[in-house]
Amino acid sequence: MELLLIGGSDAGISAALAARQINPETRPTIVLADPYPNFSICGLPFYLSGEVADWKTLAHRDLAAIEAQGITVETNHRCTAIDPAKKTASIDTPSGANQTLTWDKLVLCTGARSTAPQIPGLDLPGVFFLRWMDDSFAIDEFIRRKKPQSIIIIGAGYIGLEIADAMTRRGLGATVLEYAPSVLTTLDADMGALVRNELENNGVRVLTGVAARGIRQHENGLMVDARQPGEKHIEIAGDMVLVATGARPQTEPGLSAGIETGFSGAIRVNARMETNLADIYAAGDCAETRHRLLDRNLWLPLGTT
């Protein structure tokens, strides 16, 4: 059986390995948009903090170990379209050519992408997102080359707070801006207050109830224009900015092929991870997850799900 997987992070590698264990005759091919299969994306803040000295150790398995399991990995290849009727996928290759791959079963593991707030200045030098390996390399290079003294972090979720910790360890002054009234809103407010106290005890400046309205260049650094409750205008200066305002499921090319989406725009799946189209599955940050306690689907973009 020809098994095609679009995406080679946790979900894609797990699916390919499981398929080989269940049926050694399965021939999995993973199409990966970058050259980093099976890397711990959750470990990126610890690489940026210096706690992980060598980024290569973030790989759960290297390419040779994956291929030794009978899995073909096409790195730097990008799927642009799928044809459910013909069971084909159009793939852009590193050379710029397009090739067509056929499949008996298809698994979409396209992950998620960073949410970009509708504010000006996101394209300025020194403004970063953090989602993939290349993002972390760009941040690390900027720190090494520019030697910034301060960072403004827009968003106090997992990534924002992990980077606040990482940059503090690296010697930068960190200011966290959060629109909600407390940090880490996945926790109850009283728990979020404990997290905030710990951040402030470690030198992180935390501003809640603050909405970033724009980023602009200021002297040799950057300035974030923001609004506090009551529409009071404030300005926060820093040498670099990290935008960590959440993520959205990356549903292409499945969406254009007629695959249905559900909660939060993620690909709708049943308990067997099947989509509405025959022989097409979805898993990982692009897909919904069944919540066993609530007995309904949710979008929970975490590696553990």
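**Exercise 1. State how β14 and strand β15 (residues 232–238) pair, and describe the sheet they belong to.**

Step 1. β14 and β15 (residues 232–238) are joined by 7 bridges in the antiparallel sense. Strands here (E, at least two residues) and helices (H or I, at least four residues) are DSSP runs, numbered from the N terminus. Two strands pair if DSSP finds at least two bridges between them.

The model is predicted: local features need pLDDT of at least 70, side-chain atom pairs count only at pLDDT 80 or more, and totals for chains, interfaces and linings use all residues. Residues are numbered from 1 along each chain as its sequence is written, and side-chain values use heavy atoms, with hydrogens and water left out.

Step 2. Find a bridge partner: Gln-228 is matched with Lys-232 in β15.

Step 3. Look at the turn. The hairpin of β14 and β15 has 3 residues between the strands, and Gly-230 takes a positive phi near 85 degrees there.

Step 4. Add the other neighbour. β13 and β14 run antiparallel and are joined by 7 bridges; Gln-217 stands opposite Leu-222 in β14.

Step 5. Put the strands in order. The result is an open sheet of 3 strands, β13-β14-β15, with antiparallel pairing. β13 (211–218) and β15 are the edge strands, each pairing on one side only. From one strand to the next the twist averages 25 degrees. For such angles, axes are lines fitted to C-alpha atoms, for helices over the stretch in contact, and values run from 0 to 180 degrees between N-to-C directions.

**Exercise 2. Find which residues line the second largest pocket.**

Step 1. Recall the term. On a 1 Å grid over the protein atoms alone, a pocket is an open set of points where a 1.4 Å probe fits, with protein on both sides within 12 Å along at least five of seven lines; lining residues have an atom within 4 Å of a point.

Step 2. List the lining: Pro-125, Gly-126, Phe-142, Lys-146, Lys-147, Pro-148, Gln-217, Glu-219, Asn-220, Gly-221, Leu-222 and Asp-239.

Step 3. Assign elements. At least two residues of this lining come from α4, and at least two from β14 (221–228).

Step 4. Give the volume, which is about 240 Å³. It is the space filled by probe spheres set on the points, with grid points joined across faces, edges and corners.

**Exercise 3. Give the order of the 5 strands in the open sheet with parallel pairing, and name what packs on it.**

Step 1. The order is β3-β2-β1-β7-β18. β3 (72–74) and β18 (280–282) are at the edges with a single partner strand each, so one side of each has no neighbour in the sheet. On average, neighbouring strands are turned by 20 degrees against each other, direction ignored.

Step 2. Place the helix. Helix α1 (residues 10–22) packs on the sheet and touches β1 (2–6) and β2 (27–31); its direction makes about 170 degrees with that of β2. Touching, or contact, means heavy atoms within 4.5 Å.

Step 3. Check two pairs. β1 and β2 pair in the parallel sense over 5 bridges, with Pro-28 in β2 as the bridge partner of Leu-3. Strand β7 (residues 105–108) runs parallel to β18 and is joined to it by 3 bridges; Leu-106 stands opposite Ile-280.

Step 4. Assess burial in β1: 4 of its 5 residues are buried. Buried means under 20% relative accessible area, exposed over 50%, and partly exposed in between (1.4 Å probe, protein chains only).

**Exercise 4. Check the length of helix α5 (residues 158–169) and describe its surroundings.**

Step 1. The expected span is 1.5 Å times one less than the number of residues. For the 12 residues of α5 this gives 16 Å, and the end C-alpha atoms are 17 Å apart, which agrees.

Step 2. Name the buried residues of α5: Gly-160, Leu-161, Ile-163, Ala-164, Ala-166 and Met-167. Their cover includes α2 (44–49), α4 (133–146), β10 (150–154), β11 (173–178), α6 (189–201) and β16 (240–243).

Step 3. Look past the end. Gly-171 follows α5 and has a positive phi, near 95 degrees.

**Exercise 5. Decide whether Asn-38 and Pro-117 are buried, partly exposed or exposed.**

Step 1. Asn-38 lies in the loop between β2 and α2. Its relative accessible area is 2%, so Asn-38 is buried. Leaving aside neighbours within four places in sequence, its contacts include Gly-8, Ser-9 and Asp-10.

Step 2. Pro-117 lies in the loop between β8 (112–114) and β9 (127–128). Its relative accessible area is 22%, so Pro-117 is partly exposed. Not counting residues up to four places away in sequence, Pro-117 touches Leu-122, Val-243 and Thr-245.
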